[in-house]
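Dear colleague,

I am handing over the structure below, and I would be glad if you kept it open while reading the notes that follow it.

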Amino acid sequence: MKISENWLREWVNPNITSDELVEQLTMLGLEVDDVLPAAGDFSHVVVAEIVSIEKHPDADKLNICQVDSGNGELLQVVCGAPNARAGLKSALAMIGAVLPGNFKIKKSKLRGQESNGMMCSDVELGLSDDHSGIMELPVDAPVGMDIREYLALNDKIIDIDLTPNRADCFCAKGIAIDVACLNNLQVNSPAIQQVTVDTEVKFEVKLTAKKQSPRYLCRVINNIDNSKTTPIWMQEKLRLSGIRSIHPVVDVTNYVMLELGQPMHGFDKSTIKGQIEVKMAAKGEKFTLLDGKEVSLDKNYLMIADSENYLAIAGVMGGLNSGCSDTTTDIVLESAYFDPATIMGKSRDLGIFTESALRFERGVDPYLQETAMNRATQLILEICGGEVGQIVEAKAEEFIPQATQITLTAEKLKRVLGFDVEKQQVTNILTGLQMQVVEKVDSWLVTAPTSRFDMAIEEDLIEEVVRIVGYDNMPSSNLFGESVIMQLPEAIISTNHIKTQLTTLGYTEAINYSFVSQKQLDELNIANGSIPLKNPLTEEFAIMRTSMLPSMLQTVKYNLRRQNDSVKLFETGTVFHKENDIIEDEKILVIATGKRHLEHWGMTDENVDFFDLKGDLESLLSNTKSDYSFTKSTLDFLHPGRQASVLIDGKEIGTIGQIHPEICRKIGIKKPVYAFELTLNSIKKTTIPNFVNISKFPSVRRDIAMIVDKSISYQQIKEIITQYTHNCLKDIFVFDEYHGESIDQGKRSLAIGIVLQQNNSTFEDKEVDKLMEKMVSSLKVNLGVEIRGQ
């Protein structure tokens, strides 16, 4: 919400500086994002009138103007603006003027003709981006007056970032109420007078969609002169609020919206046939908006219609065929209350932004419509004249929100705030905020204004009290409490320890949203049990994630597209799925793609592969001091030959593998991507280490070379070897793999090293040989291996 400081001070003018006013607004919860000057920094620019004009003899696009600047003599100024004409009053930068950007005006010659100054457009004075021509000022603008004084440009634009609950502050009145209450002042509301009805012409209104539009007012005004120029004071207030002046009818409706908070609309009366009806649209219907854009409607759009056609999308934008122009003479003014839930999100769905939709979807005072109608009528008559019809109102009382009554107790107020607030001060604060207050012995019965949709419970009133008292004015006291340092059990590994370990392995922590799109889940075939949101912000954030992989793949893609060719990331967080109840699981996801090492002359230029990630996974699993293993898995989103389930003590805790190349292709990732996702709690449990003597006896190594089916995994071989050597096995590892010439198809050769050691004696060869014979025999029987060299 942008508002000029001068306009705000018309409503309430505390005796404080601009900086103090901005500080007050922020401390009231109306956070000021920025404070900007009303115009660029310039000087010596005055109101001037073009007395006569003639073509430049040597330039087709230039004119020679004789300009009255109010100093008693005419100045010759060369000007190329297409709207320059005799009788036009505009802004003249005099000789010696300095314009924004430190542009100095000097006496000069243009194509041989002397020019004593420069006629200025809005953009040259830093007023707007309009450079279509020089400024056009009203005919009664006083020649010779400094333009800064005439347009009141020694002003500031206060840009306020409103929270969703403060819809009442989308207008000067709402902001002024807060400032007036804080400074113990009265609000200077404009005098709104009832106008005399001159004509019996009216349109009947039918409310078909009563719940969506429980109150709708309209009024006919005939014989207006909409070609009149909007007063400069109104144009400036609109400009400083970020709204462009168009013509009086549009300007007045926009002004009333900014002044009182009620969006309004003006229809060209000649385009309306029969009665006005407020109803829902039908799916597949088309409608052309005021900006010329054709949109498709569905049954969720609330429409304003006549007996033949649609006139507007309620609360969003009017239609092209029913809009007013500067030649319109008869209008129908609309002032309505629309249900916020009905308007919410419609402008975003249509790909447009309107100030009306912003206010309607946050909530407009349902009892403001008649006041706004009278204010707009008063201003239109002052500017354009006209004959006024009576106000026609259609309403459904059962759907109009009622004022909320809340009881605030002194005991609850003190308990929540932690300090006493004087009873009279509480009454004054709530009354100053336009609330109706009935003071009781130890409580207050408060009726909130209908503009305050955020007032519902006792805590809301307490927040209002402390806002006005001031957070900085709350009494301070030393808090007392016993600090208890929580220490994790020694058998639990902290999440921070796991994160630190991954960081030392070269990974960077990522944080993604817990929401994903249905499309992302469908691409990975992990949508089963997913939980949709009832009111998603967008389609991309419509489902609670069942895995962290979809959003992490998007993060990888984002990095790869920005020349970050090697990506190693991890994330810890919650995933959600529904069985009988909603289940939340803490997970950790690790993902990698690109080069194994950063570019270095001493390092090989190789890419990350499955075994790099498996090694990092085993580094985490080794913390648990538990038996972990890997078994074949068949997940659709992983490469069929490069994936495995991860088990601890025989229980599956996650998966590891290469993301299926086809999925990467659809997402837009051209490199192989490897990832593992585990249940976080499963790798946080460990066993407390016990002291074990280091064996004083030598170890023995035996190597076995065998031919096995490719379908047999190393894990199966390891399990059999471990079964026979568990007490004395110190290490087991694969040191060679071969498949090719001299090896049958479907087979492979594995060479496995086994290191044995006893704690109480030296292994004798015959003991080792006996152990190896049993082991080899079991391998042959259970897995059908063939020992090479036998």
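D178 and R467 are both buried, and in this predicted model their side chains meet in a salt bridge, with 2.9 Å from N to O. Since D178 belongs to helix α4 and R467 to helix α13 (residues 458–469), the pair ties together parts that lie 289 residues apart in sequence.

D178 has another partner, R166, and the salt bridge between these two side chains spans 3.2 Å, N to O. R166 sits in the loop between β11 (156–161) and α4 (172–182), whereas D178 is in helix α4 itself, so this pair ties together parts that are 12 residues apart in sequence. Both residues of this pair, R166 and D178, are buried.

On the side of α13, R452 forms a salt bridge with E464, and their closest N and O atoms are 3.1 Å apart. Because R452 lies in the loop between β26 (443–447) and α13, while E464 lies in helix α13, this pair too ties together parts that are 12 residues apart in sequence. R452 and E464 are likewise both buried. Which residues are linked in a network of salt bridges? The network is made up of R166, D168, D178, R452, D454, E464 and R467, and the structure as a whole holds 35 salt bridges. As background, side chains of opposite charge can pair when their charged atoms come close.

Helix α6 is the next element I would ask you to look at. Helix α6 covers residues 248–260, 13 residues in all, and from its first C-alpha to its last it reaches 18 Å, which is close to the 18 Å expected at 1.5 Å a residue. Is α6 largely enclosed by the rest of the structure, or largely exposed? It is largely enclosed, because 12 of its 13 residues are buried, where buried stands for a relative accessible area under 20%. The buried residues include the charged D251 and E259, and also among them are P248, V249, Y255, M257 and L260. After α6 comes G261, which has a positive phi, near 95 degrees.

The last topic is enclosed space. Rolling a probe the size of a water molecule over the atoms shows where empty space is left. How many cavities of 30 Å³ or more does the count give? The count comes to 2, and the largest of them has a volume of about 60 Å³. Its lining consists of S547, L549, L589, F637, L638, T655, I659, A675, F676 and E677, and the elements that give two or more residues to this lining are β35 (651–659) and β36 (674–679). The most comes from β36, with 3 residues. By character, the lining of the largest cavity divides into 7 nonpolar residues, 2 polar and 1 charged.

The second largest cavity holds about 30 Å³ of space, and the residues that line it are Q520, E523, L524, P550, L553, Q554 and I667. Here the elements giving two or more residues to the lining are helices α15 (518–524) and α16 (549–560), and the lining residues divide into 4 nonpolar, 2 polar and 1 charged.

With kind regards

Definitions and conventions
Residues numbered from 1 in each chain as written. Predicted model: local features only at pLDDT ≥ 70, side-chain atom pairs only at ≥ 80, totals over all residues. Heavy atoms only, no water. 1 Å grid on protein atoms, 1.4 Å probe; cavity = no way out; pocket = protein on both sides within 12 Å on 5 of 7 lines; lining within 4 Å. Points joined across faces, edges and corners; volume = space filled by probe spheres on them. Helix = DSSP H or I, 4+ residues; strand = E, 2+ residues; numbered from the N terminus. Expected span 1.5 Å × (residues − 1). Buried < 20%, exposed > 50% of the residue type's maximum accessible area, 1.4 Å probe, protein only. Salt bridge = Lys/Arg side-chain N within 4 Å of Asp/Glu carboxyl O.
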